[in-house]
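Trainee: I would like a close look at a single part of this protein. Please take me through that part slowly.

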Amino acid sequence: MAKILLVEDDVAFGTMLKTFLVKRNYNVELVFSATEAYKKISSAKFDMILTDVRLPDDSGLDILKEAKSASQETEVIVMTSYAEISMAVQAMKFGAFDYVSKPFRPESILQTIKNALEHNSVQSVQQEEPVRTAEKKSTEKAFKGNSFIKGVSDASKKLNDYIELVAPTNMSVLIMGESGTGKEQVAKSIHSQSKRKGAPFIAVDCGAIPKEIASSEFFGHLKGSFTGAINDKTGHFQAANGGTLFLDEIGNLSYELQVQLLRALQERRIKPVGSNNEIEVDIRVVTATNEDLSQAVKDGEFREDLYHRLNEFSIQVPSLKERTDDLMIFAEHFLDEANAELEKNVLGFSDKAVEAFKNYSWPGNLRELKNMVKRAVLLTQEDLIPLKVLPHEISTAEKSEDDYSLFRNKNEEQLILDALEKSGGNKSKAARMLSIDRKTLYNKLKQYGIKL
């Protein structure tokens with residue numbers, strides 16, 4: 001398996017390119033700066049290096065020189081948004097195998113990579129990904145399918161930081177967010193990073209439990225304690241003993257059950273229905289809601305003391321439209337899952353499909369994206385998902401210039417300046433870094449009186 005070092009300061013693009021290459025069975029390590037690249041080159045041998053020319057701390061040409069100094073067998077392909085003949089000549093003079101200009105489709109670089117590897121007689125069997133059996137794919141993704149996918153956007157980084165901060169503690173966590181944003185996956189991530197990760201994780205949908213049997217569901221019951229109780233039952237609290245109890249849509253609990261839940265959390269003891277004996281439980285409670293619980297408290301619909309007991313630490317899960325840099329990372333992940341489940345081998349998304357994804361507002365968030373990708377994979381008869389298999393509301397969506405997450409940020413002027421500095425004044429690259437088009441960038445430059 002050919003080993004590739006990818007050096008790219010555009011985090012979203014670098015992550016997507018790495019995912020694309022890994023799916024084709026390349027062993028890829030991704031770094032975002034020249035400093036990280038130098039460390040990798042000094043400590044390991046790579047068959048190939050893909051590097052951007054302009055990096056925050058050094059030039060890609062210097063990385064090229066360093067790589068060739070470490071090993072002449074390492075092939076280097078230089079990527080740049082700057083179509084300058086002089087830089088192409090320099091790159092080739094210093095020993096680069098080839099020079100490619102951005103933007104480019106990931107598929108278009110595959111042949112260049114193959115040629116470079118074959119140039120030094122590296123045996124590459126990764127280029128045509130073998131059609132793996134559904135059984136093998138399912139095994140490989142058995143854990144990944146239920147894992148928490150970390151994004152690279154600012155909103156995702158903040159979310160990830162909060163999870164890592166609170167996970168090792170025993171604090172109760174209230175997870176808030178729109179429907180479909182992945183609140184349960186956040187809860188699972190908190191559990192998997194906690195000291196309780198080896199113990200049970202019990203998820204309960206509070207909105208799906210009938211009021212009449214809610215006490216039995218949470219605390220269990222003894223045989224004969226009520227009509228229909230033909231056997232003893234272990235409740236959710238006891239099932240989660242030693243681990244984490246995740247209560248989804250906590251706002252749907254009846255007032256009576258709120259009282260019982262508060263007592264159980266305070267005393268760490270439960271009493272099954274029909275029993276005179278209490279059972280000690282050691283659990284961590286993580287709850288989730290898409291409602292405004294603080295308003296429910298003000299309206300008298302949710303107990304204030306229970307609200308504060310559950311809300312020792314709160315996490316707001318961002319909507320998908322706030323995580324535009326993560327959109328295709330999630331889409332690629334759901335593509336992998338759909339391929340495994342449907343026994344297909346769709347390689348990716350067409351350019352028009354990607355553009356439609358980015359234009360759409362995704363009101364159903366990750367749940368909508370996952371369902372849509374699965375449907376598209378089922379309908380696709382080609383290597384790439386075409387625009388024609390997407391639902392009408394997605395394929396016909398038009399981009400709103402005011403819908404960029406960047407420009408809902410009060411520090412947008414500074415973000416623009418940072419992007420321009422990082423891009424060396426290249427407006428096309430700055431616009432891409434900001435996930436906007438050139439027209440919008442020019443309008444903002446005019447608005448803020450920024451002249452280059």
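Which kind of unit do E1, helix H1 and E2 make?

Mentor: The model here is a predicted one. In it, E1, helix H1 (residues 11-22) and E2 form a right-handed β-α-β unit. Start with the strands of that unit. E1 pairs with strand E2 (residues 27-31) in the parallel sense, over 5 bridges. One residue pair to look for is Lys3 and Asn27, since Asn27 in E2 is the bridge partner of Lys3.

E1 also runs parallel to E3, and 4 bridges join these two strands. Here Val7 has Thr51 in E3 as its bridge partner. E1 covers residues 3-7, and 4 of its 5 residues are buried, so the strand is largely enclosed by the rest of the structure.

Now follow E3, which spans residues 48-52 and contains Asp52. The UniProt annotation for Asp52, from an unreviewed entry, reads "modified residue: 4-aspartylphosphate". Is Asp52 buried or exposed? Residues under 20% relative accessible area count as buried, and Asp52 is at 0%, so it is buried.

Its surroundings can be listed. Leaving out residues up to four places away in sequence, Asp52 touches Val7, Glu8, Asp9, Gly60, Met79, Thr80, Lys102 and Lys429. Val7 thus appears twice in this account: as the bridge partner of Thr51 and as a contact of Asp52.

To place this part in the whole, the protein has 20 helices and 14 strands. Of its 452 residues, 48% count as buried. Among contacts between residues at least 6 apart in sequence, 71% join residues at least 24 apart.

For another part of the chain, turn to the largest nonpolar core, which has 31 residues. In soluble globular proteins, nonpolar side chains tend to be buried together. Phe349, Phe357, Trp362, Leu369, Met372, Ile385 and Leu390 touch the most other members of this core. Helix H14 (327-342), helix H15 (351-359) and helix H16 (365-379) each supply at least two of the core residues. H14 gives the most, with 8 residues.

Met372 is a useful residue to display there. Apart from neighbours within four places in sequence, Met372 is in contact with Phe357, Trp362, Leu390, Pro391 and Ile394. There is also a second, separate core of 30 residues, which includes Val204, Ala240, Ile250 and Val297.

Note on methods: Residues numbered from 1 in each chain as written. Predicted model: local features only at pLDDT ≥ 70, side-chain atom pairs only at ≥ 80, totals over all residues. Heavy atoms only, no water. Core = buried A, V, L, I, M, F, W, Y, C linked by side-chain atoms within 4.5 Å. Buried < 20%, exposed > 50% of the residue type's maximum accessible area, 1.4 Å probe, protein only. Contact = heavy atoms within 4.5 Å. UniProt positions renumbered as here; feature names shortened; annotations may be inferred. Pairing = 2+ DSSP bridges. Right-handed = clockwise from strand over helix to strand, strands pointing away.
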